[in-house]
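The following exercises ask the reader to locate strand partners, judge burial and check cysteines. Each task is followed by a worked solution.

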Amino acid sequence: ARIGKLTFGSGLTHIGGCAFKDATATYDFSNVYGDLTIEYEAFANNKFTSFAFPESTVFIGEGALMGCNKLQTLSIPFIGKNAEESTASTHCLAWLFGKDVDCWNQTSAVPSTLKTVILHGENPATRAFLGVKITTLVVGKDITAIGNENFGSDSKLARIYYEGTQQEWNAVTRGTPNNQKLSSAEKYFYS
């Protein structure tokens, strides 16, 4: 269904499963402030190139972005199902794009068009980005650690934009092993 631009109000707390599946729309969450739950496949098969989950998102259902094969830029407050639960299958980027996908085989679920991830809020867990071919990572100042095995030698990560100073970036804990690209990528600092 062609919707156009959809602006959500401040009272939004829940988006049901498949609510905007197969829709053609742009979504504006700038007025959403309270805790937001987004159910399974809520935005599946949309054709947007950029999508930003509101900072107030507390739960994202499996496959919320499944089939969004034109997505180039994603802004997200945490990786996986929710900020609190951390399991191998629910705490990786693939959780958003597919069913029955875990961190070991997420390359098949995450669209190859996705090149930039903007991460705020919760620290990414071990293997959250394993095998994902993004080239640019924007890291919020609130990120204090990046788990093991996210950006290894096979990663395409080339640029990191950190929303703080170089000194603050140096204080971010970076897990080892298999995070070589966190060191070798070009770094840019906002402050």
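**Exercise 1.** Identify the residue in β4 that is the bridge partner of His 14.

*Solution.* The bridge partner of His 14 in β4 is Thr 37. Strands here are DSSP runs of E with at least two residues, numbered from the N terminus, and two strands pair if DSSP finds at least two bridges between them. β2 and β4 (residues 36-38) are joined by 2 bridges and run parallel. Next, place this pair in its sheet: the order is β2-β4-β6, an open sheet of 3 strands with parallel pairing. The edge strands, each pairing on one side only, are β2 (14-15) and β6 (57-60).

The model is predicted, so local features need pLDDT of at least 70 and side-chain atom pairs count only at pLDDT 80 or more, while totals for chains, interfaces and linings use all residues. Residues are numbered from 1 along each chain as its sequence is written, and side-chain values use heavy atoms, with hydrogens and water left out.

**Exercise 2.** Determine which strands pair with β7.

*Solution.* Begin with β5 (residues 50-52), which pairs with β7 (residues 73-76) in the parallel sense over 3 bridges. Within this pairing, Ser 50 has Thr 73 as its bridge partner. Then turn to β8 (residues 116-119), joined to β7 by 4 bridges and also parallel. Here Ile 76 stands opposite Leu 119.

**Exercise 3.** Decide whether Thr 136 is buried or exposed, and describe its surroundings.

*Solution.* Thr 136 lies in strand β9 (residues 136-139). Its relative accessible area is 8%, so Thr 136 is buried (buried means under 20%, exposed over 50%, partly exposed in between, with a 1.4 Å probe and protein chains only). The side chain of Thr 136 makes a polar contact with the side chain of Arg 159 at 3.0 Å (a pair of N or O atoms within 3.5 Å; within protein, one must be able to donate a hydrogen and the other to accept it, and residues adjacent in sequence count only if both atoms are side-chain atoms). Beyond four places in sequence, Thr 136 touches residues including Lys 115, Val 117 and Tyr 161 (contact means heavy atoms within 4.5 Å).

**Exercise 4.** State how many disulfides the structure holds.

*Solution.* The number is 0, a disulfide being a pair of cysteine sulfur atoms within 2.5 Å. For Cys 18, the nearest cysteine sulfur is that of Cys 68, 12 Å away. Cys 68 is buried at 1% relative accessible area, whereas Cys 18 is partly exposed at 31%.
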